[in-house]
Amino acid sequence: MTSTHYDVAVIGAGPGGYVAAIRAAQQGAKVAIVEKQYMGGTCLNVGCIPSKAMLHVAETLHQLASIEDLGITLPQPPVFNMKKAVSFKDKVVKRMTGGVSSLMKANNIDVFDGLGTVDISKTVTVTKNGEQQQFSADKVILATGSVPLIPPMPGVDGDKIMNSDTCWNLSKTPESLICVGGGVIGIELACMFNALGTQVTVIEMLPNILAPVDEEVRKLLVRILSKRGINIVTGTKVESIADENGQKKVVTSTDKGQQEFYGEYVLMAVSRRANIAGLDKLIEQGLDTDRGRVRVNDKLETNLPGIYAIGDLIHGAGLAHVASTEGEIAADNAIGHSATMNYEVVPNPIYTFPEIAFVGLTEAAAREKYSDIRVERFPWAAIGKAVAIDETEGFTKVIIGKYGEFLGAHIIGPDATNLISEYSLAMRGELTVEEVSETIHPHPTLSEGLREAVLAVEGRPLHIGPKQKQVARAR
Amino acid sequence: MPDVNMPRLSDTMEEGTITRWLKQPGDKVKKGEVVAEVETDKANMEIESFSAGILEQILVVEGETAPIGQPIAIIGTGANVQQAGAKAAATPQAQQAVAVTAAAPEPASATSTPAPVSNGNQNGLIKSSPLARRMAEEHGIELTQLKGSGPGGRIVRDDIEDYLEQQRTMTAPAPAAAPTPAPVAVPAVKAATPTPVALAEDDEVVSLSSMQKTIARRLTESKQLVPHFYIGNDIDLTDALGMRQKLNASVGEGGVKISVNDLIVKACALALEKFPEVNSSYRDGQFILHKHINIGIAVDVPGGLLVPVIRDANLKGLRTLAREAKALIAKAQAGKLTPTDLDGGTFSISNLGMMDVSDFNAVINPPQSAILAVAASRKTFVPVDNQPVLRDIMHVTLSADHRILYGATVARYLQEVKRLLQNIYLLLG
Ligand SMILES: Cc1cc2nc3c(=O)[nH]c(=O)nc-3n(C[C@H](O)[C@H](O)[C@H](O)COP(=O)(O)OP(=O)(O)OC[C@H]3O[C@@H](n4cnc5c(N)ncnc54)[C@H](O)[C@@H]3O)c2cc1C
């Protein structure tokens with residue numbers, strides 16, 4: 001039974017909103033959550049989860065190319081069926097979103113299906129198919145997330161132009177694709193389509209793809225992806241899109257002049273913008289925003305009393321786990337605690353193959369900030385487990401401060417996104433190199449590489465000679 | 001089961017702080033073997049075990065204080081070995097710490113930073129991150145001085161940085177805005193902890209001994225808490241040196257010679273009889289005048305400084321003073337001073353005259369209120385009846401606690417010391 005008054009109302013059921021709702025309910029609050037489209041938000045429906053399901057398919061296919069080496073013979077190339085892959089992805093999504101719904105039920109959270117609008121008195125109106133419901137709340141947490149940003153340019157609303165909301169249900173693999181934007185989403189999708197058999201071009205306006213990634217790591221990834229046939233074009237701005245001879249024509253400009261690219265599809269992955277559908281009334285009533293995002297303090301309070309904002313709606317990392325942590329903090333504050341958000345240790349996963357993960361500062365940023373740092377790397381080629389699973393590309397790189405503390409850690413290689421947590425824990429727990437080097441790591445595992453990088457900082461890596469080390473450095 | 005109790009190591013000792021356990025639970029202990037180091041009000045001492053066996057439990061952990069007589073460890077057969085602090089949780093202090101931690105509403109989220117809570121000193125370890133410990137070590141910060149703001153009251157990097165920042169802002173004291181006309185100019189005092197020292201690769205890092213740590217802490221406290229002021233005077237030592245020579249010439253082989261320092265000790269002691277205010281301590285808003293005049297003499301020892309005490313120096317003859325001083329200095333240098341030797345000083349003298357020092361200021365040795373810094377005596381032309389005459393002139397500087405002592409008193413006291421040393425027969429009483 002729904003009610004007319006709640007302790008906490010949450011608008012949006014993405015990883016920010018649904019976690020906030022659970023957290024508040026766990027502590028005894030009466031909670032409502034409003035979702036207009038899909039439980040689990042971007043993350044579970046068109047973001048993290050479907051992309052990882054499809055990347056899993058793509059990576060498997062990629063690995064099959066060299067399966068002969070392992071003594072297994074398959075028809076080459078293996079037969080790939082996009083429709084079946086999509087239905088695998090759908091099953092994954094369904095299972096995960098169903099999980100969110102049952103979590104809401106289990107925590108006695110009332111779910112309202114419809115578009116929620118809020119006003120300054122914290123009255124929430126839920127609209128669905130012209131019908132309205134209303135309730136009031138002591139505290140409101142805004143978690144309306146983000147949507148793909150489609151920059152205005154000629155031809156951008158044409159046929160066969162996809163974005164990260166609409167690229168998941170293709171019935172067959174595109175012949176070719178021009179991905180506009182070389183950020184994390186663009187590069188993950190480029191990597192995926194390339195492995196599924198699409199001819200991919202990435203066009204990035206900035207001088208580099210994956211701008212926030214450590215330079216050395218980025219360079220290696222660019223080399224690997226280029227070798228696979230992905231055409232990465234940087235420092236190039238897309239001006240317009242048109243149709244020509246049944247193909248999409250993308251017209252770009254650089255310092256040197258105009259250029260044209262052709263492909264079956266265009267994927268727009270330039271950026272995302274905050275989703276303020278349903279918030280216009282609040283904004284009219286004075287909700288403070290900054291460059292299109294809601295402004296909050298470190299307790300995630302907006303300028304309007306009793307109203308919090310979290311996740312992609314505010315300025316931040318644009319990551320699901322950050323949205324969720326913000327949800328926990330906002331919920332704690334909404335029910336009377338005093339918690340603050342700390343963004344110092346945020347792990348960043350990138351699901352290309354090889355994967356990339358990093359936490360803390362890049363080497364360049366660390367050099368700018370501190371005069372006294374040590375940087376070391378350790379290659380996967382010297383780790384038994386990596387050799388055994390035939391994934392020896394990449395390395396682990398640590399950036400250490402003068403007290404032996406971790407300033408940053410960067411991994412490119414197998415399972416990087418799981419491995420990074422050891423370094424995150426070390427940073428958050430303020431461990432120093434000693435605690436990591438003195439910890440026994442199981443053999444044979446990839447985690448040994450994390451310890452070896454730290455041993456290298458101490459000048460005593462075990463599984464690499466002094467000469468090899470220089471080679472690894474020179475890269 | 002035999003307990004090791006906090007021993008009484010000096011007359012005035014009420015409690016002792018364990019600075020280091022030399023034995024850990026499970027270790028074998030012989031009778032008479034040193035098990036721990038303890039710091040009393042006066043000195044760092046060792047605690048010996050009165051029984052043999054296995055150290056089963058440490059009840060008072062490093063950094064904690066126990067009153068005399070309280071059990072600090074259990075020595076037994078080894079059947080009940082427990083890790084440090086296991087029982088310490090039962091002491092009221094520890095219990096309180098636990099209660100404080102539990103009472104603080106603590107959002108369990110990893111990134112939330114709860115309001116600072118008092119540092120739960122559980123399990124005998126100060127809750128602190130490895131990074132915080134490293135930084136503290138490098139900057140010579142005692143973690144016990146800090147409150148942790150991390151999860152569960154853990155001391156984290158921020159706390160150390162805040163502390164360092166605080167220290168940095170506590171630079172040279174503001175000029176004394178005294179309501180009474182300031183009697184003396186106070187030399188600028190440098191902050192105890194200036195900007196952190198960047199370690200060069202070839203710098204050697206030496207950990208402080210327990211004695212050095214105590215010195216560091218006490219003198220830091222003194223400089224930070226005691227408003228020092230300094231008054232200097234020149235003393236004509238010509239006659240005193242002449243008499244000393246005569247006195248020493250008559251002792252012959254094996255007799256105790258009187259040093260210049262002995263003369264100064266005697267003069268200071270007699271002057272204190274006349275100026276009892278200077279023989280004093282400040283304590284909690286009270287001015288404490290000491291009846292006995294016990295003079296501490298600073299002795300440099302390998303890796304530090306000790307201040308053994310000559311009791312009732314005003315009542316002792318010069319020869320007795322000289323004998324006692326000689327014995328104390330020898331004991332200090334041999335590392336054999338007992339707490340009684342170090343106890344109860346009411347005034348101190350630091351003499352660097354033999355190192356040809358022209359003048360210096362000494363740091364007060366709390367709770368005493370004054371210390372005399374003695375420089376070298378030098379042949380100097382001084383006007384006598386308007387004629388330049390060569391005399392032995394010695395510069396002295398008295399550092400005094402401005403909470404209880406004022407310029408005029410100290411200046412007069414110093415005049416009295418000067419009068420006694422310049423009229424040396426007055427010391428022979
Ligand atoms: C392709 C892709 C891959 C990604 N991969 C990763 C990854 O691997 N790791 C990672 O950490 N992050 C990833 N992200 C980012 C991640 O999805 C977002 O950071 C995360 O979803 C943000 O969570 P949120 O709760 O703030 O918002 P959202 O997930 O966007 O959820 C907001 C929800 O609010 C609803 N809503 C909006 N307005 C209203 C309203 N007025 N009334 C009712 N409901 C409303 C929306 O329908 C939506 O369900 C990826 C994103 C994309 C697009």
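# Exercises: a ligand shell and a chain interface

The shell around the ligand is made up of 17 nonpolar, 20 polar and 5 charged residues. Keep in mind as you work that this is a predicted model.

**Exercise 1. Find the residues that surround the ligand, and say which are closest.**

Solution. Start with the whole shell: 42 residues surround the ligand. Then pick out the closest, which are Glu35(A), Thr42(A), Lys52(A), Gly116(A) and Ala320(A). Finally, see which elements of chain A they can be traced to. Helix 1 (15-26), strand 2 (31-35), helix 2 (41-45), helix 3 (48-64), strand 4 (115-118) and helix 8 each give the shell at least two residues.

**Exercise 2. Work out how far Glu35(A), Cys43(A) and Gly318(A) lie from oxygen atoms of the ligand, and how much of the ligand the protein covers.**

Solution. Begin with the side chain: a polar atom in that of Glu35(A) is 2.7 Å from a ligand oxygen. Next, turn to the backbone. Gly318(A) places a backbone N or O atom 3.2 Å from an oxygen atom of the ligand, and for a polar backbone atom of Cys43(A) the distance is 3.4 Å. Each of these pairs can be checked against the 3.5 Å limit for a polar contact. As a last step, consider the ligand as a whole: on its own it has 1,000 Å² of accessible area, and the protein covers 97% of that.

**Exercise 3. Describe how much of chain A and chain B meets at their interface.**

Solution. First count the residues: 23 from chain A are in contact with 19 from chain B. Now take the area. The two chains bury about 1,800 Å² between them, with 48% of it on carbon and sulfur atoms. Then ask who contributes on the side of chain A: Tyr403(A), Arg428(A) and Glu430(A) provide 38% of the area that chain A buries against chain B, more than any other three residues.

**Exercise 4. Identify the polar links across the interface, and the elements of chain A that take part in it.**

Solution. Look for salt bridges to begin with; the rule finds 2 between chain A and chain B. One of them joins the side chains of Arg157(B) and Glu344(A), at 2.6 Å from N to O. Next, count polar contacts: there are 8 residue pairs between the chains, both residues being at pLDDT 80 or more. Two or more residues of the side of chain A that touches chain B come from each of helix 8 (320-334) and helix 12 (433-437) of chain A. Helix 8 gives the largest share, 4 residues. To finish, sort that side by class: 6 nonpolar, 8 polar and 9 charged residues.

Technical notes: Residues are numbered from 1 along each chain as its sequence is written. Chains are lettered from A and ligands numbered from 1 in the order in which they are written. This is a predicted model: local features need pLDDT of at least 70, side-chain atom pairs count only at pLDDT 80 or more; totals for chains, interfaces and linings use all residues. Side-chain values use heavy atoms; hydrogens and water are left out. Contact means heavy atoms within 4.5 Å. Buried area is the accessible area (1.4 Å probe) that two parts lose on being put together, summed over both. A salt bridge is a side-chain nitrogen of Lys or Arg within 4 Å of a carboxyl oxygen of Asp or Glu. A polar contact is a pair of N or O atoms within 3.5 Å; within protein, one must be able to donate a hydrogen and the other to accept it, and residues adjacent in sequence count only if both atoms are side-chain atoms. Ala, Val, Leu, Ile, Met, Phe, Trp, Tyr, Cys and Pro count as nonpolar, Asp, Glu, Lys and Arg as charged, and the others, Gly among them, as polar. A residue is near a molecule or strand if one of its heavy atoms lies within 4 Å of it. Accessible areas come from the Shrake-Rupley method with a 1.4 Å probe; for residues, only the protein chains shown count as cover.
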